[in-house]
Amino acid sequence: MIDNRFKEMNDNKYDVLIVGGGVVGTALLYTLSKYTDIRNICLIEKYSDFGLVNTASTKNSQTLHFGDIETNYSFEKAKSVKRMADMVMKYLENGKPASVEAKLFSKYSKMVLAVGKNQVDELSKRFLTFSQLFPNLRVIKRDEIGKIEPRVVEGRDPDQEILALVTEDGYTVDFKRLCHSFVDNAKKENPDISIQLNTKLLKIAKEEDHYSIKTDKGEIQASAVVIASGGHSLMIAKSLGYGKNLSVLSMAGSFYTAPKVLNGKVYTIQIAKLPFAAIHGDPEVHNEKITRFGPTAKPIFQLERHNMSTFLEYWKTFGLGLSPVISLLKIVFDKILFGYIIKNFLYDLPFIGKRMFIKQIRSIVPGIKMNELKFAKGIGGTRPQIINNTIRKLEMGEAKLTGDKIIFNITPSPGASTCLGNAYSDTSMIMEFLDNKFKFKKEAFENDLM
Ligand SMILES: Cc1cc2nc3c(=O)[nH]c(=O)nc-3n(C[C@H](O)[C@H](O)[C@H](O)COP(=O)(O)OP(=O)(O)OC[C@H]3O[C@@H](n4cnc5c(N)ncnc54)[C@H](O)[C@@H]3O)c2cc1C
């Protein structure tokens, strides 16, 4: 059962406060509880449960990203993501779910598919470098692709060149259940942690030696604070004067589903410039009889998908004035991104969307029929991509702002895959924030998870 009690007002003073009960906040709660001697910790979450926003399995692609099949990652980016995804993989493999309902992940094969001579050449070249980092990755040709994924080959022009990099390490994760697992395990280590659901941070102010946090349930004080509130983290950072040169481009992702046409994950090649994962098809985490295709990527003016009440919060985060608008126009009117965004807008439209999107899917499953494909209504979250207004560019991946005893995590994809790596670095910083009065048992963390 979730501990939903509230402490008395004058009792509400903590060494560490975490704001946000998604996978990033709960991974930190777990790390602090298990691997440090800090006992006086609080986590607040505005909704009634953990992982209801981007962390929900209906909101993201459920993939543990390592960097092996993400062709938009540089070698350095893949190296860093792999280190952190390995931690989640170890956590998943070490744990034994108490019941089927608590099962955190499924494992399938995972491949990235090159279609046509240019892509085949590009992927073959990529393999030479990336196989050093991913020794389990193999190059496979048409015959073997067809054995693993018959529908990738069926109906394909026999003259069309195809090639794939495949691995057995295709982890499909229910990140919301992972949140629950982190919280349950944190509570086992430290029954005194205070978890306050249905509690929203309204305002935060820095006092001399602590932060005062006004919530809709009363006031909390904390010596160190970690804001793990997705896109809202930047809004809260700005309220304290941090991240003024940053804005958010909220990139919503939608999905289409079909009755099982793939056995595992099949990714397409991504344009190197884009910070979003390429369109792919894969089985639902808890139902391999459904194949999900997506995600698309279109900008919306909300911090949370399907939640209009975050419209104003989006603009607060985006920032008023000319500078973010100039950055946005420069980014959106980029030759590559402009065409990409227009196409992705159309994918979400009734009638025409499905007819356009099916062309993308047919590069994976050539024989898929219109009546097999269905728009997944209400599915898909939004990725808070960071716009850097100083250089007027879109940043790749997650962003972290560090202030005076406070951290803000802003987490587009692959933020769920890197949650424990993020928790590791936040924990190290928290030790410094608290004047090294506490100890981070790094060796134990590294032994368990690295
Ligand atoms: C379409 C799509 C596909 C994706 N696919 C993948 C993938 O395959 N693999 C992967 O690793 N990542 C993927 N991601 C990214 C991943 O979902 C996120 O990086 C991750 O869920 C972020 O976790 P979080 O805890 O930071 O944010 P969230 O899950 O959004 O949690 C933030 C929490 O903060 C709470 N909060 C906000 N404001 C307040 C406040 N004022 N007071 C209290 N609480 C507050 C919210 O209610 C929420 O619960 C995808 C994202 C999208 C949108």
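**Entry 1: a word to start with**

Buried means under 20% relative accessible area, exposed means over 50%, and partly exposed covers what is in between. I noted this before anything else, along with the fact that I am looking at a predicted model.

My first lookup was Asn-436, in the loop between helix H12 and helix H13 (442-449). Is Asn-436 buried or exposed? Its relative accessibility is 54%, so Asn-436 counts as exposed. I also checked its backbone: phi is near 55 degrees, a positive value in a residue other than glycine.

**Entry 2: another positive phi**

Next I turned to Gln-62, which I found in the loop between strand E2 (41-44) and helix H2. Its phi is near 60 degrees, again positive in a residue that is not glycine. Gln-62 counts as buried because its relative accessible area is 1%, whereas Asn-436 is exposed.

**Entry 3: around the ligand**

Which residues come nearest to the ligand? I wrote down Glu-45, Thr-55, Thr-63, Thr-411 and Ser-417, out of 37 residues around the ligand. Sorted by class, that shell holds 11 nonpolar, 21 polar and 5 charged residues.

Then I looked at some atom pairs. A polar side-chain atom of Glu-45 sits 2.6 Å from an oxygen atom of the ligand. For Gly-415, a backbone N or O atom is 3.3 Å from a ligand oxygen. Pro-414 has a polar backbone atom 3.4 Å from an oxygen atom of the ligand.

How much of the ligand's accessible area does the protein cover? I noted 98% of the 1,000 Å² that the ligand has on its own. Helix H1 (23-35) and strand E17 (382-388) are the elements that give two or more residues to the shell.

**Entry 4: two cis peptide bonds**

Pro-414 was worth a second visit. The peptide bond from Ser-413 to Pro-414 is cis, with omega near 5 degrees. I placed Pro-414 in the loop between strand E20 (406-410) and helix H12 (419-433).

I also found a cis peptide bond between Gly-294 and Pro-295, where omega is about -10 degrees. Pro-295 belongs to the loop between strand E14 (287-294) and strand E15 (298-300).

**Entry 5: the nonpolar cores**

Which residues have the most contacts inside the largest nonpolar core? They are Leu-178 and Leu-420, in a core of 70 residues. Leaving out residues up to four places away in sequence, I saw Leu-178 touch Val-23, Val-88, Tyr-91, Leu-92, Leu-104, Val-173 and Cys-419. A second, separate core has 39 residues, including Cys-42, Ile-44, Ile-227 and Leu-328.

I followed one of those contacts to Leu-104, in the loop between helix H2 (75-94) and strand E3 (105-115). Leu-104 counts as buried because its relative accessibility is 13%. Not counting residues up to four places away in sequence, its contacts include Tyr-91, Leu-92, Arg-177, Leu-178 and Val-285. Thr-172 is among its contacts too. Leu-104 and Thr-172 are 68 residues apart along the chain, and their C-alpha atoms are 8.6 Å apart.

**Entry 6: a charged residue inside**

Last stop: Asp-282, in strand E13 (residues 280-284). Is Asp-282 buried or exposed? With a relative accessible area of 2%, Asp-282 is buried. Its side chain forms a polar contact of 2.6 Å with the side chain of Lys-265. Not counting residues up to four places away in sequence, Asp-282 also touches Ser-61, Leu-262, Ile-290 and Arg-292, among others. Thr-63 is on that contact list as well, and I had already met Thr-63 among the residues that come nearest to the ligand.

Note on methods: Residues numbered from 1 in each chain as written. Predicted model: local features only at pLDDT ≥ 70, side-chain atom pairs only at ≥ 80, totals over all residues. Heavy atoms only, no water. Near = heavy atom within 4 Å. Polar contact = N/O pair within 3.5 Å; in protein donor to acceptor, adjacent residues only side chain to side chain. Areas by Shrake-Rupley, 256 points an atom, 1.4 Å probe, with all protein chains shown as cover. Helix = DSSP H or I, 4+ residues; strand = E, 2+ residues; numbered from the N terminus. Nonpolar A, V, L, I, M, F, W, Y, C, P; charged D, E, K, R; others polar. Core = buried A, V, L, I, M, F, W, Y, C linked by side-chain atoms within 4.5 Å. Buried < 20%, exposed > 50% of the residue type's maximum accessible area, 1.4 Å probe, protein only. Contact = heavy atoms within 4.5 Å.
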